[in-house]
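Visitor: I would like a close look at a single part of this model, taken slowly and with its surroundings in view.

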Amino acid sequence: AKALEQTLKHMNEDMLAILNDEQRSFDAVLDGWIRYMVEGMERYPGIFMAHMYPLVVDKDFDVPVVVAFRELIDLLLKRAWRAYPDQDVDQLQLAIQTLISALLFNILAPDFYKDASAHSVDMQVESYLAAFRRVAGLS
């Protein structure tokens with residue numbers, strides 16, 4: 001349990017550092033965050049699954065990883081809205097939720113798409129970014 005606490009703490013610190021980087025544009029921040037997630041799921045496939053186990057199996061939404069991700073979702077939405085003030089906030093929120101859902105599915109079921117691991121990190125990141133832009137109405 002202590003190891004999971006530490007990995008979540010480090011992951012959350014890393015993700016907050018990426019998302020709070022005010023020197024970078026929202027698009028660059030989003031690219032960096034997605035890249036961090038994709039690389040992390042390739043390097044440490046079992047760790048995130050261990051964090052998600054209570055949520056997925058027990059339907060316990062009061063676990064630290066959910067609390068952390070809700071904070072990150074709020075931060076992403078605020079950054080997106082600042083970057084795209086003319087976009088509908090509900091559409092931006094849906095785009096973020098869609099992006100996170102796709103990422104989480106690939107983390108929870110990494111072998112569902114048999115050829116997914118054959119795609120480069122760059123190709124995966126660009127695919128996630130394109131989907132976000134499409135749902136957000138930015139493309």
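Which residues of H4 are buried?

Guide: This is a predicted model, and what follows should be read with that in mind. In H4, the buried residues are Val65, Val66, Ala68, Phe69, Leu72, Leu75, Leu76, Leu77, Arg79 and Ala80. The helix itself runs over residues 64-83, and because a rise of 1.5 Å a residue gives its 20 residues an expected span of 28 Å, the 29 Å between its end C-alpha atoms agrees with that expectation.

The buried residues of H4 pack against four other helices, namely H1 (2-19), H2 (26-43), H3 and H5 (89-108). Phe69 illustrates this packing at the level of one side chain: apart from neighbours within four places in sequence, Phe69 is in contact with Met11, Met15, Trp33, Met37, Phe48 and Ile100.

In soluble globular proteins, nonpolar side chains tend to be buried together. Here the largest nonpolar core has 41 residues, and the members that touch the most others are Leu30, Trp33, Ile34, Val65 and Phe69. Two or more residues of this core are given by each of H1, H2, H3, H4, H5 and H6 (121-136), while the largest share, 9 residues, comes from H4.

On the approach to H4, the loop between H3 and H4 holds Lys59, whose phi is near 60°, a positive value in a residue other than glycine. Most residues other than glycine have a negative phi. Lys59 counts as exposed because its relative accessibility is 55%, above the 50% cut-off.

Helix H3, which covers residues 45-58, includes Ile47, and Ile47 joins Leu4 and Tyr44 in a nonpolar surface patch with about 250 Å² of accessible area together. With a relative accessibility of 34%, Ile47 counts as partly exposed.

Helix H2, one of the helices against which the buried residues of H4 pack, also takes part in salt bridges. Asp122 forms one with Arg35, with 2.7 Å between the closest N and O atoms; since Asp122 lies in helix H6 and Arg35 in helix H2, this pair ties together parts that are 87 residues apart in sequence. Asp122 is partly exposed at 48% relative accessible area, and Arg35 is likewise classed as partly exposed, at 22%. Both belong to a salt-bridge network that also links Asp31. A further salt bridge joins Glu39 to Arg43, with the closest N and O atoms 3.8 Å apart, and because these two are 4 residues apart in helix H2, about one helical turn separates them.

Key
Residues numbered from 1 in each chain as written. Predicted model: local features only at pLDDT ≥ 70, side-chain atom pairs only at ≥ 80, totals over all residues. Heavy atoms only, no water. Patch = residues over 30% accessible without salt bridge, like charges linked within 9 Å, V, L, I, M, F, W, Y side chains within 5 Å. Areas by Shrake-Rupley, 256 points an atom, 1.4 Å probe, with all protein chains shown as cover. Salt bridge = Lys/Arg side-chain N within 4 Å of Asp/Glu carboxyl O. Buried < 20%, exposed > 50% of the residue type's maximum accessible area, 1.4 Å probe, protein only. Expected span 1.5 Å × (residues − 1). Contact = heavy atoms within 4.5 Å. Core = buried A, V, L, I, M, F, W, Y, C linked by side-chain atoms within 4.5 Å.
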